[in-house]
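This report describes the fold of one protein chain, moving from the whole chain to its domains and then to single residues. Please keep the sequence and the model in view while reading.

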Amino acid sequence: MWSHKPVINKELLQSLPNLKIVANSGVGLDHLDLNLLSSYGVKLSNTPFVVSTDTADLGMALMLASSRRIVEGHQMAVSPDTEYFPADWLGSELSGATLGILGMGTIGYKVAERAKAFEMKILYHNRTRRNKEEESAVGAVYCKKIDDLLHQSDFVLLSVNLTPETHKLIGKRELELMKPTATLINISRGLVVDQDALVEALQNKVIKAAALDVTHPEPLPRDHPLLKLKNVIITPHIGSATKKTRRLMMENMTESIRAGLTGLPIPNEVL
């Protein structure tokens, strides 16, 4: 499967009685019915580790682009209407700012490693707390409650899997808990955020800005209000989109398929 295609449903599984394995590109599995696959005896693999470095890089890129208003600055610099650069056109600094990471898995931890190099203060919330050595290595402080993280963070970065528990994890209440100077970064899934609530928060300056690699749907309808806001950056779900990583993803998938067809242990099998 690539970009959630083909759709794996009951009709497809019934039409493929000899199907042994589905190899899914990327990490997320929210588009798959795991129980349905299991009921047909079909195994499943994904590519969770090869995408983590590039996705973490993109998280930092979005944070920098948003804080320093790079997209707006480019538009100003190339506009035929620009006659001078205003001296009071300012961004905000990353160094010394507080980053709150929701979801400290492989990707979230790699973001923390990068943020440490920017001398950021790092807070995180995760279902399972990291051990003290891992926390110490990046200077991360665990927040048992999401609310505590939201209150304190200058940047809130979402790096969670989409599950029933994380569906619209960030809604109106959570956005109102954030600082009015805070920026929301989403590199997980669009449905982790209540987009209607986000639009309202951005329009009413409840939060300062958002930088999103994911939305729902993708792409957004061309008249969607998020596309009209100057304090939003949207990229087209490119967390893993580098030549090297996409090749490694395909190699991982091929390896899993070969193993599944020959009865060998399947790398990155989803159990």
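## Contacts along the chain

Contact here means heavy atoms within 4.5 Å. With that meaning, consider the contacts in the protein chain between residues at least 6 apart in sequence: 62% of these join residues at least 24 apart. The model under discussion is predicted.

## Overall form

The protein chain holds 10 helices and 9 strands. Its radius of gyration is 20 Å, close to the 18 Å that the globule rule gives for 271 residues, so the chain is as compact as a globular protein of that length. Along the principal axes, the C-alpha trace spans about 65 × 50 × 35 Å.

## Surface and charge

Of the 271 residues in the protein chain, 46% are buried. The accessible surface of the chain comes to about 15,000 Å², and carbon and sulfur atoms account for 54% of that surface.

The chain carries 31 positive and 30 negative charges. The mean positions of these two sets of charges are 3 Å apart.

## Two domains

The domain assignment divides the protein chain into domain 1 (10-49 + 243-262) and domain 2 (51-234). Domain 1 is thus given as two segments of the sequence, whereas domain 2 is given as one. The C-alpha centres of the two domains lie 31 Å apart. Where the domains meet, 9 residues of domain 1 are in contact with 7 residues of domain 2.

## Leu 226

Leu 226 is placed in the loop between β8 (209-212) and β9 (232-234). Is this residue, Leu 226, buried or exposed? Its relative accessible area is 1%, and because buried means under 20%, Leu 226 counts as buried.

Leaving aside residues up to four places away in sequence, Leu 226 touches Gln 195, Leu 198, Val 199, Leu 202, Leu 212, Leu 220, Val 232 and Ile 234. By contrast, the C-alpha atoms of Leu 226 and Ile 21, which are 205 residues apart along the chain, are separated by 38 Å.

## Ile 187

A second loop residue, Ile 187, is found between β7 (183-186) and α9 (195-203). Ile 187 has a relative accessibility of 9% and therefore also counts as buried.

Which residues does Ile 187 touch, not counting those up to four places away in sequence? They include Thr 55, Gly 59, Leu 62, Ile 107, Val 111, Leu 157, Leu 158 and Ser 159, as well as Asp 213 and Val 214. One of these partners, Leu 158, is 29 residues from Ile 187 along the chain, yet the C-alpha atoms of the two are separated by 6.0 Å.

Technical notes: Residues are numbered from 1 along each chain as its sequence is written. This is a predicted model: local features need pLDDT of at least 70, side-chain atom pairs count only at pLDDT 80 or more; totals for chains, interfaces and linings use all residues. Side-chain values use heavy atoms; hydrogens and water are left out. Helices (H or I, at least four residues) and strands (E, at least two) are DSSP runs, numbered from the N terminus. The radius of gyration is taken over C-alpha atoms; the globule rule is 2.2 Å times the number of residues to the power 0.38. Buried means under 20% relative accessible area, exposed over 50%, partly exposed in between (1.4 Å probe, protein chains only). Accessible areas come from the Shrake-Rupley method with a 1.4 Å probe; for residues, only the protein chains shown count as cover. Lys and Arg count as positive and Asp and Glu as negative; His and the chain ends are not counted. The place of a charge is taken as NZ of Lys, CZ of Arg, CG of Asp or CD of Glu. Domain bounds come from an automatic or database domain assignment.
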